Amino acid sequence: DSAVVDASARVAPTAQIAANCYVGAGVVIGEEAFVGPGCVLLDNVFIGARSRLVASVTLCQDTRLGERCLIHPGVVIGADGFGLANDEGVWVKVPQVGRAILGDDVEVGSCSSIDCGAIGDTVIADGVKIDSQVHVAHNVQIGRHTAMAGCAAIAGSSKVGAYCILGGGSEITGHVELADHVQVSGGSSVMR
């Protein structure tokens, strides 16, 4: 009874929405999906069948989750990226108008963040596994079945191939591309 669900939201009959959730306009929640306590789904979010938001997850406008995703507490997906331009010494915010799109069977650990795209979309492919406290910046593309350990970070517009492994605390700088099957050791930096 404490959930607030916009009248235009489409919630499958087998889906569950827990206490103190907010479900915005145009949201679609698939069959057998679970939206745990305190989750916020802003306008036009899509959640695929059997996906599970454990608790206190925020999905910003236009975010898309595939089927069977598991999103742990405190995750934020689709917030603005760090898009700023320096105008004579003053930082000016650049609008972030892309989406965050996650494929099927993606898992995101607690307190991780995945930014929306600046112009295009941020895309996390099927089967990607992301540990806790990981940051994925705007316009990043991550290939199928890649795994990222805790505190790893990928800066804007980088591309990580399929079946890669990023160790804990590793970082990929912006506009870098990794081929498939790359392993980056914990604490390492990929600069080019």
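Buried means under 20% relative accessible area, exposed means over 50%, and partly exposed is what lies in between. The exercises below apply this scale and others to a predicted model.

**Exercise 1. Decide whether Arg99 is buried, exposed or partly exposed, and find what its side chain meets.**

Step 1. The relative accessibility of Arg99 is 32%, so this residue counts as partly exposed.

Step 2. The side chain of Arg99 meets that of Asp121 in a salt bridge, with a distance of 2.9 Å from N to O.

Step 3. Arg99 lies in the loop between β15 (90-93) and β16, whereas Asp121 lies in the loop between β18 (113-115) and β19 (122-124), so the pair ties together parts of the chain that are 22 residues apart in sequence.

Step 4. Asp121 has a relative accessible area of 22% and is therefore partly exposed.

**Exercise 2. Work out which residues are linked with Arg50 in a network of salt bridges, and where they lie.**

Step 1. Begin with the total, which is five salt bridges in the structure.

Step 2. One of the pairs is Arg50 with Glu67, whose side chains meet at 3.6 Å, N to O. This pair links distant parts of the chain, since Arg50 is in the loop between β8 (46-47) and β9 (52-53) and Glu67 is in the loop between β11 (64-65) and β12 (70-71), 17 residues apart.

Step 3. Another pair is Arg68 with Asp105, where the closest N and O atoms are 2.7 Å apart. Here too distant parts of the chain are linked, with Arg68 in the loop between β11 and β12 and Asp105 in the loop between β16 (100-102) and β17 (107-108), 37 residues apart.

Step 4. Arg50, Glu67, Arg68 and Asp105 are linked in a network of salt bridges.

Step 5. For the accessibility of these residues, Arg50 is partly exposed at 39%, Glu67 is partly exposed at 31%, Arg68 is partly exposed at 35%, and Asp105 is partly exposed at 29%.

**Exercise 3. Find the order of the strands in the open sheet of nine strands, and say which are the edge strands.**

Step 1. The order of this open sheet is β2-β5-β8-β11-β16-β19-β22-β25-β28, and the pairing is parallel.

Step 2. The edge strands are β2 (10-11) and β28 (177-178), each of which pairs on one side only.

Step 3. For a closer view of one pairing, take β19 and strand β22 (residues 141-142), which pair in the parallel sense over two bridges. The bridge partner of Val123 in β22 is Gln141.

**Exercise 4. Describe how strand β14 is joined to β15, and what lies between the strands of their hairpin.**

Step 1. Strand β14 (residues 84-87) and β15 run antiparallel and are joined by four bridges.

Step 2. Asn86 stands opposite Trp91, which belongs to β15.

Step 3. The hairpin of β14 and β15 has two residues between the strands, and Glu88 in this hairpin takes a positive phi near 55°.

**Exercise 5. Count the disulfides, and explain why Cys164 has no bond to Cys69.**

Step 1. The cut-off needed here is that a disulfide is a pair of cysteine sulfur atoms within 2.5 Å. By this rule the count comes to zero disulfides.

Step 2. Cys69 is in no disulfide, and the nearest cysteine sulfur, which belongs to Cys39, is 14 Å away.

Step 3. For Cys164, the closest cysteine sulfur is that of Cys69, and the 19 Å to this atom is too far for a bond.

Step 4. On accessibility, Cys69 is buried with a relative accessible area of 1%, and Cys164 also counts as buried at 1%.

**Exercise 6. Examine the surroundings of Asp115 and of Ser170.**

Step 1. Asp115 has its place in strand β18.

Step 2. Asp115 is buried yet has no salt bridge, and the nearest side chain of opposite charge, that of Lys93, is 9.3 Å away.

Step 3. Leaving aside neighbours within four places in sequence, the contacts of Asp115 include Gly78, Asp80, Phe82, Thr122, His135 and His138.

Step 4. Ser170 has its place in the loop between β26 (165-166) and β27 (171-172), and at 1% relative accessibility Ser170 counts as buried.

Step 5. Not counting residues up to four places away in sequence, Ser170 touches several residues, among them Cys151, Ala152, Val184 and Ser188.

Technical notes. Residues are numbered from 1 along each chain as its sequence is written. This is a predicted model: local features need pLDDT of at least 70, side-chain atom pairs count only at pLDDT 80 or more; totals for chains, interfaces and linings use all residues. Side-chain values use heavy atoms; hydrogens and water are left out. A salt bridge is a side-chain nitrogen of Lys or Arg within 4 Å of a carboxyl oxygen of Asp or Glu. Buried means under 20% relative accessible area, exposed over 50%, partly exposed in between (1.4 Å probe, protein chains only). Two strands pair if DSSP finds at least two bridges between them. Lys and Arg count as positive and Asp and Glu as negative; His and the chain ends are not counted. Contact means heavy atoms within 4.5 Å.
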